[in-house]
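Student: I would like to go through this model term by term, asking each time what justifies the word that is used. Could we begin with a single residue and work outwards from there?

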Amino acid sequence: MKFVTHCIFPATLLMAITLPAAAQRCKVSYYSRTSSVVVEAYISDAVDQQPEFPGGDNAMMRYINKERRYPREAYKAGIEGRVLCGFVVLPNGTISDIEVVKGVEESIDKEAVRLIRNMPQWKAGRINGTAVPVYCIIPIAFRR
């Protein structure tokens, strides 16, 4: 019995000490162009439960397809592409610090940001059952 206590307890203690530290290493800090402050959030792969659009990914795609307005001039000019937008889902589920990570053209980029800004409140990401801010990136496609 002595062997079990000496081997299992230290291993459990080691896990309890290193798990929170591992989660801290997955936090990102970046300078937000929208709010002019340094934003700290977890990377979406580092959380136990990912943030989720209400109704899931299919509901998010329906929302984007329903609400997306292709800018007229960009459409006429035949401009197409995929805008990568980054944003933070806060612990209360609201979206903040929206930015264009990879843009296509100014009017299309602005439309992608508008779509995300108007999204309904998300289900927050969680680590050990606690809601945390999570940085997410989603693509929004513009095809004629």
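Tutor: Let us begin with Val-101, which counts as partly exposed at 42% relative accessibility; please keep in mind throughout that the model is predicted.

Student: Why is Val-101 called partly exposed?

Tutor: Buried requires under 20% relative accessible area and exposed requires over 50%, and because the 42% of Val-101 lies in between, partly exposed is the term that applies.

Student: What makes Glu-99 buried, then?

Tutor: Its relative accessible area is 10%, and since the cut-off is under 20%, Glu-99 is therefore classed as buried. Glu-99 lies in strand 4, as does Val-101.

Student: How do you know where these two residues lie with respect to Leu-84?

Tutor: From C-alpha to C-alpha, Val-101 and Leu-84 are 5.3 Å apart in space although 17 residues separate them in sequence, while Glu-99 and Leu-84 are 8.6 Å apart in space and 15 residues apart in sequence. With residues up to four places away in sequence left out, Val-101 touches Leu-84, Cys-85, Gly-86, Tyr-135 and Ile-137.

Student: What makes strand 3 and strand 7 a pair?

Tutor: A pair needs at least two bridges, and strand 3 and strand 7 have nine, in the antiparallel sense, so they qualify. Within strand 7, Ile-138 stands opposite Cys-85.

Student: Why is strand 2 also said to pair with strand 7?

Tutor: Strand 2, residues 38-43, is joined to strand 7 by two bridges, and because at least two are required, the condition is met; these strands run parallel. Here Tyr-42 stands opposite Val-134 in strand 7.

Student: How do you know that the length of helix 4 agrees with what is expected of a helix?

Tutor: At 1.5 Å a residue, its 12 residues should span 16 Å, and the end C-alpha atoms are 16 Å apart, so the two values agree. The buried residues of helix 4 are Ile-108, Asp-109, Glu-111, Ala-112, Val-113, Arg-114, Leu-115 and Ile-116, and they pack against helix 2, helix 3, strand 3, strand 4 and strand 7.

Student: What makes Phe-87, Ile-116 and Met-119 stand out in the largest nonpolar core?

Tutor: Among the 28 residues of that core, these three touch the most other members. Two or more residues of the core come from each of helix 2 (57-67), strand 3 (81-89), strand 4 (95-102), helix 4 (106-117) and strand 7 (134-142). Met-119, apart from its neighbours within four places in sequence, is in contact with Phe-53, Met-60, Tyr-63, Ile-64, Ile-95 and Ile-138.

Student: Which residues line the largest pocket, and what does strand 7 give to that lining?

Tutor: The lining consists of Ser-44, Gln-50, Pro-51, Glu-52, Phe-53, Gly-56, Asp-57, Met-60, Trp-122, Cys-136, Ile-137 and Ile-138. Helix 2 and strand 7 are the elements that give two or more residues to this lining, and strand 7 gives the most, with three. The space in the pocket is about 160 Å³.

Student: How are the elements ordered along the whole protein, and how much of it counts as buried?

Tutor: The protein has four helices and seven strands, which run α-β-β-α-α-β-β-α-β-β-β from the N terminus on. Of its 144 residues, 35% count as buried, and of the contacts with a separation of 6 or more, 71% are between residues 24 or more positions apart.

Definitions and conventions:
Residues numbered from 1 in each chain as written. Predicted model: local features only at pLDDT ≥ 70, side-chain atom pairs only at ≥ 80, totals over all residues. Heavy atoms only, no water. Core = buried A, V, L, I, M, F, W, Y, C linked by side-chain atoms within 4.5 Å. Buried < 20%, exposed > 50% of the residue type's maximum accessible area, 1.4 Å probe, protein only. Contact = heavy atoms within 4.5 Å. Expected span 1.5 Å × (residues − 1). 1 Å grid on protein atoms, 1.4 Å probe; cavity = no way out; pocket = protein on both sides within 12 Å on 5 of 7 lines; lining within 4 Å. Points joined across faces, edges and corners; volume = space filled by probe spheres on them.
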